[in-house]
Structures are given as C-alpha cells and as structure tokens.
Amino acid sequence: MLHDLQKSFADVALTNSVEALLPHVATPRGAIERRLGVYHANTLNSLIDVLSAAYPVIQRIVGDRFFQALAKDFITTHPPQQPALFRYGDVLPDFISSFAPANDLPYLPDVARLEWTRVEAYFAADSAALNPERLAEVPAEQIADIKFSVSPTLRLLESDVPIFTIWHVNQPDQDRVPEVDFSHPESGFVLRPAHTVMQRVVPLETLIWLRALTSGETLGTATELALTHENTFDLQNTLRQHLADGTFTEFYL
Amino acid sequence: MSDFASGTPSAAWVEIHSENFFAAGGPRIAQLEQVREHYAISCHGVGLSLGSAQGVDADHLSTLRTLVDRFEPGLVSEHLSFSVVDDIYVNDLLPLPYTEEALVTVAQNVDQTQERLGQQILVENPSSYLTFVDSVLTEWDFLTALSQRTGCGLLLDVNNIYVSAENNGFDTTAYLDGIPGDAVGEIHLAGHSLEGDGEDRLLIDTHGDNVADPVWSLYQLALEKLGPRPTLIEWDTDIPDLEVLLGEAETAQRHIDSVSSSEGSSRVA
C-alpha cells in the first residue's frame, strides 16, 4: 500500500531507520543505505537551518555543536506538522525545559520564548497604528471607559530572569559579554510597528496595564490594576509612549 | 529579493516558493508586493505533497488560493513527490513508486488542486537517488499519463533528469522523447554536486552551484525537441552575487535564441 511505503520513507527521512523501506528500493550500483542517507541528511539539515534561523541567540549561547544536538533531538521527537516552516519551532522553548543537557542554563527556555515571540511578531498580520489625535476628541469624563484594540504583532513577556538583557548582549555586534545578574527578573513587550520588530523592557506595572488592556479591560480598570501594583505608575507618559509606538490600532467607547 | 523589489535586474519573471508567503502579514509579503509591481510572479510550491496517499490538505489549498488571488501568478507549479505522511511534514521532496496506485493518487490530488485554484498547474519531475522495485512505469510514462488524466502541464527540470539518470541508470534521450512536449510549460535548470566515485558515485541536487556542462547540453537537446520554453535558474543555497546568476540566465537565453523562430517569445528568469 502506498501509505505504508510513504510511512517507511518518512521514517528514513526523519530518523534514518531504513529496515522497513529496504525491501522496496533499489540502486544500480553502490550501497542503498548511503542513498537513503541523502534523504535523511537533506531533511535533518534543512530543518536544523530553520531552527537556527529562528533561534540565533540560543545557538550563540550554547554553541553550534550543542545547538545541532538539541535541534536533532527536537526534530526527531517533534517533526513539523505543516509545510509553512516559518511556523516550525514554536514548542522548542518547552522542549528546552525538558532537555536534560540544558539544565545548567535555567534561563534558556525564557530566552527562547523571547526569540519565538519575535518570529511571531515578524509574520503577524499588518495593521495601522491608532492616530493619537483621535483620542483628543474623547470627553474627559469618558477617558476611563475607553477600550483598545491592540496590534496583532504585540506580545507581552514576563520572566524571572533578564531575558531582554541576555538577548541584547548576545547579538552579533556584541563581542564582549558583560556581567549579567541572572537573578534579576525582566518584563517587556515585542511589537512590529511597520516592518521592523522592536522590543522594550517595561516595569511590571506597565506589563500589568498592557495585559489588562489586551484582554479587553477599560483604560480605567487597567490603570487601577497598575496603580495597585505600583502607586507611582504614570498613566499619561505610558499612554503617550504606547500611542507613539503603535501598540494600539483602534479604540471603543 | 531586495534587488528585485527595486525592479533593477533584467528578468522576465520572479519565482517564489509559495509556502514562504503563507504568513498573515509582515515584511516578506510587503516586499513581494513591490516585486509584483516590476515583474510577473510564478508560484512554485514545495509543501503541497501531490503524491501523498492521505490526499492534499484543504487548508493548504485555501491558503495557496489566497496567495494566487492576491499575486495573480502567471504559473503555479508543484512537484511529483510526497512530503506528508500521517500529518507529519518531512521537509524534502520524497520520490514515488511509479505504480498504477500512485498514479491514481497523484491524479486525484492534481484534480483537486486544479479545481480549488481554478487553473492548471505544472508538475515538476523530481531528482532522485533510488528507484522502487514495485515501479511498473518509467518516470516519463508516469508524467505523460498524469498529464493526460488531469490536463496538468509539466515543469521539466533538466538538472533533475540528468541527476536521476546518472544515479539510477536511465537514458536522458529516451526521457526527452517520452514526455509530451506540448504539456511542458516551463523548464528549470540548477547546479548539482558530485560525491564519491566508482560504485559510490552519486550526484546530489543542491541548487547551490553553476549549471553543469552536461546539463547545458541536455537543455539544448530539450529546446531542440520542444522549442523555446520559459526557463528558470534555481539557486537556493550558497547564493552567489547577482551578476553570477544573471550570467547563467544569459547563457540560457543564448540557448533559447539558438532554437527560436522569428517570433520566439520565451524568456529566462
């Protein structure tokens, strides 16, 4: 049956297990195993390249050889389930959490989450930023009732470790790795206002405010939640900054 | 691709890998919009898996239809191969046994694809490193029957013919004589690499080098049999300077010009 043959061939491509396929294939010369190996190498190497492009910081932190071993394990246990490969690798951060050789680097999964978030933002739907002048028309007594639609590219991140700092010091243009305090938590967001993905560290109260607005709370409720966490939360400046960034696409009353 | 977004290089059309543009938005699609202002687009898929026993994926076809509606490609093509089994996607173009069962499967999948897209597709011959003991048809007879049953066109990859013939021991002239010339809507050329010697000699389809001399000769022979055809140079890995690519395109154009009648219209991309 064609299906069984294809299943056997997929096993060759993904894991180089050739036994089931061997009786069905032939070559005019040389060893058939070597020829099957070409399909395995093509599949594995092309998928390692996909993961390497999505996770350059992880690769830089752990080194090429470690990354290849990690990627190989991931590919054989979590092969792609659809052919648009820019979506492949979304569960690598969780996989890293369970990958024993990476246990010495407990910050790695969260840094990987930041990298995947940037990939998601890069490929997310386009949207136009809300024109701040339109908010000026809202009567003062109704400001607290405003609800926002946020950009489809916005992603919020909160971590017990300094993921944004770790990401920054592992960029290709950084050749000296400075001291990083790994016990310092960081929260922030990723956004793609036009064609370039940006990220920024924000205080936890700002993240709480953004999280509330993203889940549909009013500006009044979101601000109260932020103030409860930190009573110096500055609504005016934070709102102005996010209107300038393009975080919001529309508002409702 | 940024060179092509500005419209500077001379090329008849630009061929994309369809699945690279399946995202909801972002810079890639924006850049393709710019390319579209200067060049015709051809959508060349690598993930539809026309040979899958489980059939082609309806969501995949819907996304492809959206892409086709948006960019109105002159040609839509896919491969005679499979890459999806039990909803696992193997990122390679795996070969099919040339049996009646496989022919029925591929024909159904091609029918469904052409129906969903509302247009003819071209199906490309793969490069392969082995044959199946169950095969009862040659690759050219399989492609001929597929084209007859579905009305699909053929995308003739001359490098793939050469690579497969060298690896599996068949006659390239018999291949060119065997395919229905009228069905061929496009030709691909690419580079390959040679690994091993003697018994271990194997040609690998890399798309990462200049087109080899014997492939140019086979291309000339194909053009003499088929007449001029739109031709694309594929170069996906170790991509060289644009001048090198355009040099290969000029060589292909010289071959086309050598067989063109006064109104030869085929171009190289």
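**Reading chain B and its contact with chain A**

Author: Let's start with one residue: Gln34(B) sits in helix α2 (residues 27-38) of chain B. Keep in mind that this is a predicted model.

Reader: Thanks! How do I read its surroundings: as what does Gln34(B) count, and why?

Author: We count neighbouring C-beta atoms: 20 or more within 10 Å would make a residue buried, and 12 or fewer exposed. Gln34(B) has 15 such neighbours inside 10 Å, so it is classed as partly exposed. As for distance, Gln34(B) and Asp111(B) are separated by 77 residues in sequence and by 32 Å in space, C-alpha to C-alpha.

Reader: And chain B as a whole: how many helices and strands has it?

Author: Chain B holds 9 helices and 12 strands. Its radius of gyration is 18 Å, close to the 18 Å given by the globule rule for 269 residues, so chain B is as compact as a globular protein of that length. Of those 269 residues, 46% are buried. Among contacts in chain B with a separation of 6 or more, 77% join residues 24 or more positions apart.

Reader: Now the contact with chain A. How is an interface sized, and how many residues does each chain give here?

Author: Interface size is often quoted as the accessible area lost when the parts come together. Here we can count residues: 39 come from chain A and 40 from chain B. On chain A, the elements giving two or more residues include α1 (2-15) and α2 (32-54). That side of chain A divides into 23 nonpolar, 11 polar and 5 charged residues.

Reader: Which strands pair across the chains?

Author: β1(A) pairs with β7 (residues 131-132) of chain B, antiparallel, over 2 bridges. In β7(B), Phe132(B) is the bridge partner of Val25(A).

Conventions
Residues numbered from 1 in each chain as written. Chains lettered and ligands numbered in written order. Predicted model: local features only at pLDDT ≥ 70, side-chain atom pairs only at ≥ 80, totals over all residues. Contact = placed C-beta atoms within 7 Å. Helix = DSSP H or I, 4+ residues; strand = E, 2+ residues; numbered from the N terminus. Nonpolar A, V, L, I, M, F, W, Y, C, P; charged D, E, K, R; others polar. Pairing = 2+ DSSP bridges. Rg over C-alpha atoms; globule rule 2.2 N^0.38 Å.
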